Amino acid sequence: MIFKAVGEGRPYPDHGLHSFKDWSAIAPRPVRIDQLITTKRMLDLGHLLSEDSTFYGDLFAHVVDWQGTLYLEDGLHRALRAALQQRSAVHARVHVM
């Protein structure tokens, strides 16, 4: 399995980070893909395979650390692409709640 689990929705309360500017205050760090629980079950394959998939967004995935569990909130396509390239980690901005 690529991820620790595939979830649906956010089990944690609102964290108040709603814009890329909010997330940009958090320095990115490597996170193991197999420790992430996704918050989305569906992925747009066109978005995954697009050459410019990060053009309008953050270069780094957004992860929420809630009660010691890492939830992949944004960047599912980045994490999956990294896994398909045989990488075990992805760089992400991790917000600890």
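Colleague: How much area does the chain expose, and what share of it do carbon and sulfur atoms supply?

Modeller: In this predicted model, the chain exposes about 6,000 Å², with 55% supplied by carbon and sulfur atoms.

Colleague: And how much of the chain do you call buried?

Modeller: Of the 97 residues, 40% are buried, a word kept for residues under 20% relative accessible area.

Colleague: What is the order of the elements along the chain?

Modeller: Starting at the N terminus, they run β-α-β-β-α-β-β-α-β, which comes to three helices and six strands.

Colleague: Why is helix α3 called mostly covered?

Modeller: The cut-off for buried is under 20% relative accessible area. Seven of the nine residues in α3 (residues 76-84) are buried, so by that cut-off the helix counts as mostly covered. The buried ones are Leu76, His77, Arg78, Ala79, Leu80, Ala82 and Ala83. Just after α3, Gln86 has a positive phi of about 65°.

Colleague: What makes a residue part of the lining of the largest pocket, and which lie nearest its centre?

Modeller: A lining residue must have an atom within 4 Å of a pocket point. For the largest pocket, 10 residues line it, and Leu59, Arg78, Ala82, Arg87 and Val90 lie nearest the centre. Two or more lining residues come from each of α3 and β6 (89-96), and α3 gives the largest share, three residues. The space in this pocket is about 160 Å³.

Colleague: How does the lining divide by class?

Modeller: Four residues are nonpolar, three are polar and three are charged.

Technical notes: Residues are numbered from 1 along each chain as its sequence is written. This is a predicted model: local features need pLDDT of at least 70, side-chain atom pairs count only at pLDDT 80 or more; totals for chains, interfaces and linings use all residues. Side-chain values use heavy atoms; hydrogens and water are left out. Buried means under 20% relative accessible area, exposed over 50%, partly exposed in between (1.4 Å probe, protein chains only). Helices (H or I, at least four residues) and strands (E, at least two) are DSSP runs, numbered from the N terminus. On a 1 Å grid over the protein atoms alone, a cavity is a set of points where a 1.4 Å probe fits but cannot get out, and a pocket is an open set with protein on both sides within 12 Å along at least five of seven lines; lining residues have an atom within 4 Å of a point. Grid points are joined across faces, edges and corners, and a volume is the space filled by probe spheres set on the points. Ala, Val, Leu, Ile, Met, Phe, Trp, Tyr, Cys and Pro count as nonpolar, Asp, Glu, Lys and Arg as charged, and the others, Gly among them, as polar. Accessible areas come from the Shrake-Rupley method with a 1.4 Å probe; for residues, only the protein chains shown count as cover.
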